[in-house]
Amino acid sequence: MRIVNYVPPQGGIDSKVVIVGGMPGYYENFQKRPFVSSGGSLFRNLLRDNNLHSRVYFTYLIKALDTPMNELIRKVKGEKAEPVVSNEGSYYINLFREELKALTEAEIIIPVTDEALYALTGRWGVYKWRGSILKTEYS
């Protein structure tokens, strides 16, 4: 698989905290940096103001803006239904899991989208699980 619009992660591999978005947006794709849109900048500024920014690793489950998220991973209607993951979506999930294995110092992994939560835990509904401590083999 060829990734055209790759947005690399940012932060040290010795970071204790990992923040995982779903996929880069327009501004991230343009600047080739994660979490630089208005919401991402607000988040980064909060971390910077509290002297935490340099200790955080920022990444995305999907590393490019090449294919819409709903073509990669999507939830079908129904509370109990499993998300549908395309072959390309599975490729990205496996790539993401390999990336996390290299982050041996990570103690806290914060998924900020349903898709990132699903890749980490097999659960869907990031709002439903907010504030929860969930086990994953990567933390």
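This is a short talk about one strand and one pocket in the structure above.

Okay, so first, this is a predicted model: local features need pLDDT of at least 70, side-chain atom pairs count only at pLDDT 80 or more, and totals for chains, interfaces and linings use all residues. Residues are numbered from 1 along each chain as its sequence is written, and side-chain values use heavy atoms, with hydrogens and water left out.

Let's start with strand β1, residues 17-21. Strands here are DSSP runs of E, at least two residues, and helices are runs of H or I, at least four, numbered from the N terminus. Is β1 mostly covered or uncovered? Mostly covered: four of its five residues are buried, meaning under 20% relative accessible area with a 1.4 Å probe, protein chains only.

Now, who are its partners? Two strands pair if DSSP finds at least two bridges between them. β1 runs parallel to β2, residues 56-60, with five bridges, and it also pairs in the parallel sense with β5, residues 108-111, over four bridges. Take V20: its bridge partner in β2 is T59, and in β5 it's P111.

P111 brings us to the largest pocket, about 430 Å³ in volume. Among the 19 lining residues, the closest to the centre are I109, I110, P111, S132 and L134. A pocket is an open set of points on a 1 Å grid over the protein atoms alone, where a 1.4 Å probe fits, with protein on both sides within 12 Å along at least five of seven lines; lining residues have an atom within 4 Å of a point. The volume is the space filled by probe spheres set on those points, which are joined across faces, edges and corners.

Which element gives the most to that lining? That's β5, with four residues.

Note on methods:
Buried means under 20% relative accessible area, exposed over 50%, partly exposed in between (1.4 Å probe, protein chains only).
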